[in-house]
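User: Please take a close look at one part of this molecule for me, starting from whatever lies inside and working outwards. A single connected account would be great, with the cut-offs spelled out as you go.

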Amino acid sequence: MPISIKSSREIELMAEAGRILEKVHLELGKALHPGMSTLDIDRLGKKLIEGYGCIPSFLNYNGYPASICVSVNEEVVHGIPSRHRIIKEGDIVSLDAGVIYKGYHSDAARTHAIGKVSKEAEDLIKVTRECFFEGIKYAKEGNHLFDISRAIGRYASERGYGVVRDLCGHGVGTALHEAPEIPNYEVPRKGVKLRAGMTLAIEPMINIGGWEVDWLDDDWTVVSRDRTLSAHYENTIVITDGEPRILSASLDGSK
């Protein structure tokens, strides 16, 4: 499948989608507290997204039953919200969300500490976020796609973390998932040459333990095989003729 190159008009529509999605993430992050259910989080997320005049990207996508993927502790991604899953002090909670604004998607994820968490949980969240920023140092026109992958994987691996291999980042635009696929680990190829106008969702998924994962019986929730903590950080970016532009995080927001 060819990689879509977006026009300036399309990029501005995606930038607005990203600004809205950042606001949703900021408000969800402020609302998180011990005692709320993961279904409470999803309901609030749907209300916020629709309140901004957008459509939740994830709701009914390939059958996914919610608007926000809520993944707790050892859950890597795609946790299904439930009234029976109650978050508590010391948990880490990954929220993955997308919005559709005038036909264009933005996709972003954040991992939050609930109250006081362990030092290893704090470090995991910090390193996962840092992996994203290490990766996008190479998200420049003329570089190759897997330069991003290599930087993410090396940064995490050198610090002793497991880099999930069964899931990856992706292109994004009028579809939630477009070409290309973007691994978070080093691969022995260069990948396509990056061009201005490519819009990509870069999303490190990092485990405290090994990289291996399992799918639960709901066929959605992905967990670390060794059941160690996992974190997720994602933004939608656009390749430019200079530095990459992050569309779903501003300097004073989820930097």
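Analyst: Happy to! Buried means under 20% relative accessible area, exposed means over 50%, and partly exposed is what falls in between (1.4 Å probe, protein chains only). This is a predicted model, in which local features need pLDDT of at least 70 and side-chain atom pairs count only at pLDDT 80 or more, while totals for chains, interfaces and linings use all residues. Residues are numbered from 1 along each chain as its sequence is written, and side-chain values use heavy atoms, leaving out hydrogens and water.

Let's start with Tyr64, which counts as buried because its relative accessibility is 2%. Helices (H or I, at least four residues) and strands (E, at least two) are DSSP runs numbered from the N terminus. Rings of Phe, Tyr and Trp (its six-membered ring) pair if their centres lie within 6.5 Å; planes under 30 degrees apart are stacked, over 60 edge-to-face, and the rest tilted. The structure has four aromatic pairs. One of them joins Tyr64 and Trp220 edge-to-face, with 5.1 Å between centres and 75° between planes. This pair links distant parts of the chain, 156 residues apart: Tyr64 is in the loop between β1 (55-56) and β2, and Trp220 in the loop between β11 (213-215) and β12 (222-224). Trp220, at 22% relative accessibility, is partly exposed.

Phe133 and Tyr233 make a tilted pair, 6.1 Å centre to centre with 40° between the planes. They too link distant parts of the chain, with Phe133 in helix α3 and Tyr233 in the loop between β13 and β14, 100 residues apart. Phe133 is partly exposed at 23%, whereas Tyr233 is buried at 5%. Phe132 joins Phe133 and Tyr233 in one aromatic cluster.

Now to the strand that follows the loop of Tyr64. In β2 (residues 68-72), five of five residues are buried. Ile68, Val70 and Val72 point one way, Cys69 and Ser71 the other way, and all are buried. In a regular strand, side chains alternate between the two faces of the sheet. Two strands pair if DSSP finds at least two bridges between them; β2 and β4 do this in the antiparallel sense over five bridges. In that pairing, Ile68 stands opposite Ala97 of β4.

Strand β4 (residues 92-101) also holds Ser94, which is buried at 3% relative accessibility. A polar contact is a pair of N or O atoms within 3.5 Å; within protein, one must be able to donate a hydrogen and the other to accept it, and residues adjacent in sequence count only if both atoms are side-chain atoms. The side chain of Ser94 has such a contact, of 2.7 Å, with that of Thr111. Using contact in the sense of heavy atoms within 4.5 Å, and setting aside neighbours within four places in sequence, Ser94 also touches residues including Cys69, Val70, Ser71, Ser230, Ala231 and His232.

Those last names lead on to β13 (230-232), which, like β6 (162-163), is an edge strand that pairs on one side only. The three strands of this open sheet run in the order β6-β10-β13 with antiparallel pairing. Between β6 and β10 (residues 205-207) there are two bridges, and Gly162 stands opposite Asn207. Helix α3 lies across β10 and β13, at about 40° to β13; here axes are lines fitted to C-alpha atoms, for helices over the stretch in contact, and angles run from 0 to 180 degrees between N-to-C directions.

Helix α3 (residues 119-136) also brings us to charged side chains. A salt bridge is a side-chain nitrogen of Lys or Arg within 4 Å of a carboxyl oxygen of Asp or Glu, and the structure holds 16. In one of them, the closest N and O atoms of Asp123 and Lys119 are 2.9 Å apart. The two are separated by about one helical turn because they sit four residues apart in α3. Asp123 is partly exposed at 25%, and Lys119 is exposed at 54%.

Beyond the helix, Glu243 and Lys140 meet in a salt bridge of 3.1 Å, N to O. Glu243 is in the loop between β14 (235-238) and β15 (245-246), and Lys140 in the loop between α3 and α4 (145-157), so the pair ties together parts 103 residues apart in sequence. Glu243 is exposed at 53%, and Lys140 is partly exposed at 27%.
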